[in-house]
Amino acid sequence: MLTALIVLPAVGALVVGLLPKRRTELYMPIGVTLSLPALALSGYLFATFESGVAGFQFVERAAWYEPWSVYWHLGVDGISLPLVLLTALLVPLALAASTAINHRVKEFVVYTLLLEAGLIGVFLSLDLFLFFVFFEAILIPMYFIIGIWGGERRIYAAIKFFLYTAFGSALMLAAIIALAIIHQRQTGAPSFSYVELFDLALNPTTERWLFAAFALAFAIKVPIFPLHTWLPDAHVEAPTAGSVLLAGVLLKLGTYGLLRFNLGLFPQATVDFVPVLAVLAVIGIVYGAVVAIVQPDLKKLVAYSSVSHLGFIVLGTFALTSGGLAGGVIQNVNHGLTTGALFFLVGMIYDRRHTKKIEDFGGLAKVMPIYSGLFLFTAFASIGLPGLNGFVGEFMVLLGSFPSLPIHVIVAASGVILAAIYMLWAYERVFTGIPDKPENQKLLDLSVREISILAPLVLLMIVLGLYPKVLLDRIEPSTEAVLDRIEAVTDYRVPVPGRIDQVLAGGGE
Amino acid sequence: MIEPPDISWLGILPELILGLGAALVLLIDVQWKPRSRVLCQAAGIILALAGIAALIQRVWLAGLGPEEQTAANLTPFGGMLVIDQYGVFAHLLLIVVALCGLGAGWRFFESLGRRGAEGLALLLLSTAGFALMASTPHLVMMFLGLEIGSISLYVLAGFTRTETASEEAAIKYFLLGSFASAIFIYGVALVFAGTGSLHLFEQRVFLSSNIVLRPAVLLAGLALTIVGLAFKVTAAPFHSWAPDVYQGAPAGVVGFMAAAAKVGGFAALVRLLSTGFADYASTWALVVAGIAVLSMLIGSFLGVVQDDLRRLLAYSGVAHAGFILTGVVAGRSGTGGVWFYLAVYSVQLVGAYAVVAAVSGPSSAGSALSRYSGLGKRQPFLALGLTVLLLGMAGIPLTSGFIAKFGVFQEAWRAGFGWLVVVALLASVVSFFIYLRVIVAMYMGDASDELAPPLGVPVRAVLMVAMAVTLIFGLLPAPLLRLAANALPL
């Protein structure tokens, strides 16, 4: 079943690629249709996924090349499940929102579907070789999406994006090879299996180097301050669908990778590196938010807000507490939904006005009431208004991280306030007041198609804000297992009340 | 009484077919004066026959029991040749490269008119030479193969006499190439002085059973042979001829020139190092690693600033020589990785130059990058093909280039050269930029109004094959990996 999840979009891409040239107007609808089976299948996966179980489910394993011990090894657990769903959800929406793409439509659909296949592959791979293959392969479709359909400086942005991430993953590949060979020295056979590599006895220095190589690759992807400089360029230049998938899913590869591989494979080094990464995360939260305030460009503002929001996820991950880890995972989803929606919204106004500059707008609330209502709603979700999804994730991260990193949390909490400043100030400048510019006075409000693109995201924001348990039940066993393992292997003990059962029992006195 | 040499027709069958075939092509031309298309077809058939001969060798080898696979049984012609999986793989690969080269140069050979036969004969002869070079354990024989192959290539480089660039390329290639050959044969002489033998198997026995107290002569000889072969495979710092020659030589044959010389050179180098000098691995591995580092860095960094696609591919070839050398460092255990890399890369190289020939005309010299601007609109198939091949050369996952890089890197790491792998990985990130520039020009640049000539069937076929090798072995590499892993020298 997991193989089908990867293969379906790839087959879809092939089908679109073979379509005859003439009917250009059909490519988009067909693309959307072809991405629906994967969505349906991932929905089925979510429904049949057994909650309360920590290990990998639906595991598939087949030899790919035995002498190297490389396997087609897939599995899903509570950490990857939400991200698979998110990917499968965002791709059809992104395609449906791409009506502004009017040249080389076929290629666009092909690349988007290939991107989906690669992304799902990354989240499902349990073999490090396979993981790397998908991790690196997604650069190509993304590179083309930015480079062909992007804004004015698209080529610069595309190459910067490509080289930055490729540089990070090169060192990770070295670390993967090293792991396999260490496994061979210890047991006689090389292995790339995530599960088997648990049993390695690494000496502390090696472990730190390997941790650093993995962490660098993921830190560039997240991006963690000071490796974030590719992100604003890529976001600003990318077409709407590219931005949505970039923020919604690609960045999550970083946070997912940190949690899955750095915490999973190198527990001791994780504990050693907590001070460094937690500080960088906090810097990212504050820096991203402060820089976002002064952005004159809406898209850039959302891009920098991503740096800030992802800082929360990294902070939660390296807090090494129940709340931090689970909050981080659920915040992955939340950020994908809200930032995805924000990029959709910015794209919709850009399609009408062909500008993203905040100063070009003003008083849109009178002209486009539905649009501004949805924008405000999404902004609230992004800020973390209680009752909406953003609140759940950020609150869990902050509350959960407090026992282990109190000072960091105090500083990081300012990020929430700063978020309110940049979001609401931007809202004020764009939507309130009188629409004094003539171009703004005749803008059409959202069409049914655009509303139906945003509707599922808005709905999920409410659902996850009111009833996050539906995800948390599936996430928590897996994140608890990560903590159990760190406690088993290292001297680290989760501080009281860092564990979920202690929190539920009332602080664990 | 003088013992007659043991003549094994099977042992020399592929080379024999190629050599006689070259003569046959010339004779057909003189006797019947057919159209050059017929001659190209004849050359194709000859190559196919040679390929069948190599397959027969393979089947024969597979039929031998392990106890029969001794040096005495497998080295016909008094030890001048060897039939082993290693040589057979080299033969098959060279023939595939030559067939692709024939397809890529089809239009070129046709355009030559009466001289087409000579060009085809040279193509066959150089294939025969490099095949010989790959299947001999005797150093003098190796030198002969090297010369047969190289001299044919010198002539091919200057085949369009009217173009000054072509002439310059030929002269440059010839002078520097013969200089390198001289260095190689001087090295062979010193190795002979150091070990008392020209035969790799005897050298292996000598070196493993004796301790050479004063190895200066031996090591100098080894170093010089490495330098001579490094020149042929365009490893830095012996690469400086390659960009000029590949830029000036007729577009139709550049791919074959570059790929065949690389295959032959690496086949000889790996056999030399991992049989004759297997016990000196700790000595030569460092030297080879040094050449590898230089090649990767020089190739990647200088490739970035090239404005001519052929020079760019030449520098990327220097970088690839470095990547392949990382596998050579691992010695015998790295052989499989080296073969897989060579197999994939040489076909990609011929395919890429086939695109060059199609875009800038078969006998032209020079292919400015600006001419590829907007190729994605003008010639979607060519652009798609070149993109796939370039991504393969870059080593992006899901292409066979990635598997190839991974294979040599992991063997190098296993052999204790972790630092070399890290350098190689960083160099390959730099080299991404080389390929991205071309792709950017093709898909994101403005289209010029230039009308490209229609594509012939052979070029299409070559591109299809190269794309298939890049993509199919990227997804399911196991068959070729197994084949390559079995291609060990005796």
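Two residues are in contact if their C-beta atoms, placed from the backbone, lie within 7 Å. The exercises below concern a predicted model.

**Exercise 1. The interface**

Determine how many residues of chain A and of chain B are in contact, and which elements of chain A supply the side that touches chain B.

Solution.
- Step 1. With the cut-off above, 23 residues of chain A are in contact with 25 residues of chain B.
- Step 2. On the chain A side, at least two residues each are supplied by β1 (57-65), α5 (128-137), α6 (139-149) and α7 (154-187).
- Step 3. The largest share, 13 residues, belongs to α7(A).
- Step 4. Sorted by class, the side of chain A that touches chain B holds 21 nonpolar residues, one polar and one charged.

**Exercise 2. The fold of chain A**

Establish how the radius of gyration of chain A compares with the globule rule, and describe the burial and contacts of the chain.

Solution.
- Step 1. Chain A contains 21 helices and two strands.
- Step 2. Its radius of gyration is 22 Å, close to the 23 Å that the globule rule gives for 509 residues; chain A is therefore as compact as a globular protein of that length.
- Step 3. The C-alpha trace of chain A spans about 70 × 60 × 40 Å along its principal axes.
- Step 4. Of the 509 residues in chain A, 61% are buried.
- Step 5. Among contacts in chain A with a separation of 6 or more, 79% join residues 24 or more positions apart.

**Exercise 3. A helix pair in chain B**

Classify the packing of α14 (residues 309-329) and α15 (residues 335-360) of chain B from the angle between them.

Solution.
- Step 1. The two helices of chain B pack at an angle of about 175°, and their axes are 10 Å apart.
- Step 2. An angle over 145 degrees counts as roughly antiparallel, so α14(B) is roughly antiparallel to α15(B).
- Step 3. Residues making the contact include B:Leu313, B:His320 and B:Phe323 of α14(B), and B:Tyr341, B:Tyr345 and B:Leu349 of α15(B).
- Step 4. By class, this contact comprises 13 nonpolar, four polar and one charged residues.

**Exercise 4. The nonpolar cores**

Identify the residues with the most contacts inside the largest nonpolar core, and the element that gives this core its largest share.

Solution.
- Step 1. The largest nonpolar core has 398 residues, and B:Val97, B:Val329 and B:Val350 have the most contacts inside it.
- Step 2. Its largest share, 20 residues, comes from α7(A).
- Step 3. Leaving aside residues up to four places away in sequence, B:Val350 touches several residues, among them B:Val97, B:Cys100, B:Phe256 and B:Val462.
- Step 4. Another core, of five residues, lies apart from the largest one and includes B:Leu74, B:Leu81, B:Val82 and B:Ile83.

Definitions and conventions:
Residues are numbered from 1 along each chain as its sequence is written. Chains are lettered from A and ligands numbered from 1 in the order in which they are written. This is a predicted model: local features need pLDDT of at least 70, side-chain atom pairs count only at pLDDT 80 or more; totals for chains, interfaces and linings use all residues. Helices (H or I, at least four residues) and strands (E, at least two) are DSSP runs, numbered from the N terminus. Ala, Val, Leu, Ile, Met, Phe, Trp, Tyr, Cys and Pro count as nonpolar, Asp, Glu, Lys and Arg as charged, and the others, Gly among them, as polar. Axes are lines fitted to C-alpha atoms, for helices over the stretch in contact, and angles run from 0 to 180 degrees between N-to-C directions. Angles under 35 degrees count as roughly parallel, over 145 as roughly antiparallel, 65 to 115 as roughly perpendicular and the rest as oblique. The radius of gyration is taken over C-alpha atoms; the globule rule is 2.2 Å times the number of residues to the power 0.38. A residue is buried if 20 or more other C-beta atoms lie within 10 Å of its own, exposed if 12 or fewer, and partly exposed in between; C-beta atoms are placed from the backbone. A nonpolar core is a set of buried Ala, Val, Leu, Ile, Met, Phe, Trp, Tyr and Cys residues joined through C-beta atoms within 7 Å.
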